[in-house]
Amino acid sequence: MSPSFKLQYHFVLIFLMALRGENRYLELREATDHDPFLLFGANLKRELAGEPLYRRALRCLDMLSLPGQFTFTADRPQLHCAAFLIAEPEEFITIHYDLVSIDCQGGDFLKVFDGWILKGEKFPSSQDHPLPTTERYIDFCDSGLSRRSIRSSQNVAMIFFRIHEPGNGFTFSIKTDPNLFPCNAISQTPSGRFTLVVPHLRQNCSFSIIYPVVIKISDLTLGHLHGLQFKNPSAGCGGIGDFVELLGGPGLDPSKMMPLADLCYSFHGPAQMKIGCDNTVVRMVSSGKHINRVTFEYRQLEPYELENPSGNSIQEICLSSL
């Protein structure tokens, strides 16, 4: 993994920890003018029930995990800015432009990306997203306020923007809506429990955990006979059209990750696997002929588990990449 990619990737990791109350900070230098960005910490996320709409200024490099209204006003030319948006795994994100004052003819832009992207690595991957990559970008300078509201296909989205003239900027609001059958999601937390259900749809669905983790699969229902079978990824699941694969790697895109194991048949667990990769993905491949379901728990590996891999793991891999 290149140093620049690793810096950006761990920026996301630290942001996610900050959203859950970890008091960590990281100073980044913007590539063009080397001004530092001090990332915010423990007081970002708060309960909003019964409170007025949350409002704050948007930073050039930022992450948002809660509904509210956000305003960016350039105090100098800002040429490489991005905001990462993340909701709960079972939610969609809607971005609504309230006010936009940018100079499209002068080289400014304001774009929403349906998912996350870092150094060409995308989540969801092109294989898993219903739209081609070019259609996942929505450019304000092309659509104007005819696309005043934009909804994501999963619980993550991004806003890219460039503003040359001080005083220009934009205001947007974020709200979330329930997603009854979340297909692709990134976990906000290093531990949790999730059930991925694909009901008679021909699609691939991924759940991404940006931590080294222990995964315990408690239940897997596929359109096949019962019987737990872990297949070597080189052998795969043969002609079976419905299966779950476990992936790991240092990047964001599941299609570029290392296949660790395929789960080809229904079973009732538990079955446990330790994965020491920067990013871990549970990915369900569905033919559309069946209702497929997998339930799993995950927790971040402790430092001693990375240094001395042992225990009841099915497979230990990727430790050298940390």
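Two strands pair if DSSP finds at least two bridges between them. In this predicted model, strands β8 and β13 clear that mark with five bridges, and they run antiparallel. β8 spans residues 109–113, and β13 spans residues 156–163. One bridge can be named: F109 has R162 in β13 as its partner.

F109 has a further neighbour to look at. K111 lies over the face of its ring, 5.1 Å from the ring centre.

Now widen the view to the sheet around this pair. Five strands make it up, in the order β4-β6-β13-β8-β11. The sheet is open, and its pairing is mixed. Which strands stand at the edges? They are β4 (61–64) and β11 (137–139). Each has a single partner strand, so one side of each is left without a neighbour in the sheet. Neighbouring strands here are turned by 15 degrees against each other on average, direction ignored.

A second open sheet also has five strands. Its order is β3-β5-β14-β7-β12, again with mixed pairing. The edges are β3 (55–57) and β12 (149–151). Both have a single partner strand, so one side of each lacks a neighbour in the sheet. From one strand to the next, the twist averages 20 degrees.

Inside this second sheet, look at β7 and β14. β7 covers residues 91–101, and β14 covers residues 169–178. The two run antiparallel and are joined by 10 bridges. E91 is bridged to P178 in β14. The next residue to find is F92: R151 lies over the face of its ring, at 4.0 Å from the ring centre.

Aromatic rings are the next topic. How many aromatic pairs does the model hold? The count comes to 15. One of them joins F207 and F296. Their ring centres are 5.4 Å apart, with 70 degrees between the planes. Why is this pair called edge-to-face? Planes over 60 degrees apart count as edge-to-face, and the angle for F207 and F296 is 70 degrees. The pair links distant parts of the chain. F207 belongs to strand β17 (residues 204–209), F296 to strand β24 (residues 291–300), and the two are 89 residues apart. Both F207 and F296 are buried.

Ring pairs also build a cluster. Its members are Y54, F70, F72, F161, F170 and F172.

Turn next to a loop. L131 is found between β10 (121–123) and α2 (133–136). Is L131 buried, exposed or partly exposed? Its relative accessibility is 33%, so L131 counts as partly exposed. The class runs between the cut-offs of 20% for buried and 50% for exposed. L131 and D114 are 17 residues apart in sequence, and their C-alpha atoms are 9.2 Å apart in space.

Finally, step back to the whole protein. It has four helices and 24 strands. Of its 322 residues, 51% count as buried. The exposed area is about 14,500 Å², and carbon and sulfur atoms supply 52% of it. What share of contacts between residues at least 6 apart in sequence joins residues at least 24 apart? The share is 75%. The pair of F207 and F296 illustrates a link between distant parts of the chain, with their positions 89 residues apart in sequence.

Note on methods:
Residues numbered from 1 in each chain as written. Predicted model: local features only at pLDDT ≥ 70, side-chain atom pairs only at ≥ 80, totals over all residues. Heavy atoms only, no water. Phe/Tyr/Trp six-rings, centres within 6.5 Å; stacked < 30°, edge-to-face > 60°. Buried < 20%, exposed > 50% of the residue type's maximum accessible area, 1.4 Å probe, protein only. Lys NZ or Arg CZ within 6 Å of the ring centre and 35° of its normal. Contact = heavy atoms within 4.5 Å. Areas by Shrake-Rupley, 256 points an atom, 1.4 Å probe, with all protein chains shown as cover. Axes fitted to C-alpha atoms, helices over the stretch in contact; angles between N-to-C directions.
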